[in-house]
Amino acid sequence: MSDRQLWSYKEIAAHIRVQPDTVRSYRKHGLLPAPDHVEGGKPYWYADTIRAWVARRPGNRGRRED
């Protein structure tokens with residue numbers, strides 16, 4: 001079953017235990033997947049998109065999946 005909940009920078013940051021500005025920096029440097037949805041100029045990603053990204057990103061040291 002897929003998780004279609006949309007996450008902002010804040011939710012992504014909480015999931016990977018960093019500050020939202022760090023996630024913004026990841027996007028600026030091309031390290032974050034393209035947003036699944038943009039509303040009012042703000043990007044959002046499906047939780048599944050981010051979980052898949054976390055699983056394959058460099059430096060993933062067995063971080064806990066919430």
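Two strands count as paired if DSSP finds at least two bridges between them. Keep that in mind for the first stop, and remember throughout that you're looking at a predicted model.

**Stop 1: the hairpin.** Select strand 2 (37-39) and strand 3 (42-46). They run antiparallel and are joined by three bridges. Two residues sit between the strands of this hairpin, and G40 takes a positive phi near 60 degrees. Now click across the ladder: E39 stands opposite K42, and V38 stands opposite P43.

**Stop 2: the rest of the sheet.** Add strand 1 (6-7). It pairs with strand 3 in the antiparallel sense, over two bridges, and L6 has Y46 as its bridge partner. With that you have the whole open sheet, three strands in the order 1-3-2. Which strands stand at the edges? Strand 1 and strand 2 do; each has a single partner strand, so one side of each is left without a neighbour in the sheet.

Next, bring in helix 3 (residues 47-56), which packs on the sheet. Helix 3 touches strand 1 and strand 3, and its direction makes about 75 degrees with that of strand 3.

**Stop 3: two faces of strand 3.** Show side chains on strand 3 and colour them by face. P43 and W45 belong to the covered face, while K42, Y44 and Y46 make up the uncovered one. Hang on to W45, since it comes back below.

**Stop 4: helix against helix.** Select helix 1 (9-16) and helix 2 (20-28). They pack with their axes 8 Å apart, at an angle of about 105 degrees. Angles of 65 to 115 degrees count as roughly perpendicular, and helix 1 and helix 2 are therefore roughly perpendicular to each other. To see the contact itself, show Y9, K10, I12, A13 and I16 on helix 1, with P20, V23, R24, Y26 and R27 on helix 2. By type, these residues divide into seven nonpolar, no polar and three charged.

**Stop 5: the core.** In soluble globular proteins, nonpolar side chains tend to be buried together. Here the largest nonpolar core has 13 residues. Select I12, I16, V23, L32, W45, I50 and W53, the ones that touch the most other members. Helix 1, helix 2 and helix 3 each supply at least two residues of this core.

Finish by centring on L32. What does L32 touch, leaving aside residues up to four places away in sequence? Its contacts are Y9, V23, Y26, R27, W45, I50 and W53.

Notes
Residues are numbered from 1 along each chain as its sequence is written. This is a predicted model: local features need pLDDT of at least 70, side-chain atom pairs count only at pLDDT 80 or more; totals for chains, interfaces and linings use all residues. Side-chain values use heavy atoms; hydrogens and water are left out. Helices (H or I, at least four residues) and strands (E, at least two) are DSSP runs, numbered from the N terminus. Contact means heavy atoms within 4.5 Å. Axes are lines fitted to C-alpha atoms, for helices over the stretch in contact, and angles run from 0 to 180 degrees between N-to-C directions. A nonpolar core is a set of buried Ala, Val, Leu, Ile, Met, Phe, Trp, Tyr and Cys residues joined through side-chain atoms within 4.5 Å. Buried means under 20% relative accessible area, exposed over 50%, partly exposed in between (1.4 Å probe, protein chains only). Angles under 35 degrees count as roughly parallel, over 145 as roughly antiparallel, 65 to 115 as roughly perpendicular and the rest as oblique. Ala, Val, Leu, Ile, Met, Phe, Trp, Tyr, Cys and Pro count as nonpolar, Asp, Glu, Lys and Arg as charged, and the others, Gly among them, as polar.
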